[in-house]
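Please keep the structure open in your viewer and follow the selections below in order. Each stop names what to select and then describes what is found there.

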Amino acid sequence: MTRQREWQKKKRAQGLCPICGQKSKEGHIYCINHHEMRKVYTRNLNRKKKGIPLDAPLRTRASKNIANKSIQATGDKAAKPLI
Ligand SMILES: [Zn+2]
């Protein structure tokens with residue numbers, strides 16, 4: 001095992017971020033900064049696999065609710081969601 005990997009394993013066992021060594025986010029492996037970085041990285045990785053453009057807007061729970069409400073309000077089932 002390399003020195004780097006030993007350091008990473010030690011930090012992870014201590015509950016610290018294995019990249020920078022700062023306090024990790026509660027219930028997560030990485031700190032807040034690296035958690036966000038990993039989130040974007042894995043999202044782009046999955047989007048590349050599925051053929052979704054990388055700059056496509058995020059589908060959040062709130063955007064789904066807005067889209068459903070607009071369909072219910074118009075009563076048009078064929079209406080496209082806003083987002
Ligand atoms: Zn970090």
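Begin by selecting Gly-15, which sits in the loop between H1 and helix H2 (32-50). The model in view is a predicted one. Is Gly-15 buried or exposed? Gly-15 has 10 other C-beta atoms within 10 Å, and because a residue with 12 or fewer counts as exposed, Gly-15 falls in that class. Its backbone also deserves a glance: Gly-15 comes after H1 and has a positive phi, near 85°.

Next, add Cys-31 to the selection and display the distance between the two C-alpha atoms. Gly-15 and Cys-31 are 16 residues apart along the chain, and their C-alpha atoms are separated by 9.8 Å.

Now step back along the sequence and select H1, residues 3-13. Helix H1 is hardly covered, since zero of its 11 residues are buried.

Proceed to H2, at residues 32-50. How many residues does H2 have, and what distance does it reach from its first C-alpha to its last? H2 has 19 residues and reaches 27 Å between those two atoms, close to the 27 Å expected at 1.5 Å a residue. The number of buried residues among the 19 of H2 is zero, so this helix lies largely in the open.

Within H2, select His-34. His-34 has 19 C-beta neighbours inside 10 Å and therefore counts as partly exposed; the threshold for a buried residue is 20 or more. Which residues does His-34 touch, leaving aside those up to four places away in sequence? They are Cys-17, Ile-19 and Cys-20. To examine one of these contacts, display the C-alpha to C-alpha distance from His-34 to Cys-20: the two residues are 14 apart in sequence and 8.4 Å apart in space.

Move on to Gly-51, which follows H2. Gly-51 has a positive phi, near 80°. A positive phi was also noted at Gly-15, after H1.

Finally, select the whole protein chain. The chain contains three helices and zero strands, and read along the sequence its pattern is α-α-α. What percentage of the 83 residues is buried? Buried residues make up 5% of the chain. For the contacts, consider those between residues at least 6 apart in sequence: 5% of them join residues at least 24 apart.

Definitions and conventions:
Residues numbered from 1 in each chain as written. Predicted model: local features only at pLDDT ≥ 70, side-chain atom pairs only at ≥ 80, totals over all residues. Helix = DSSP H or I, 4+ residues; strand = E, 2+ residues; numbered from the N terminus. Contact = placed C-beta atoms within 7 Å. Expected span 1.5 Å × (residues − 1).
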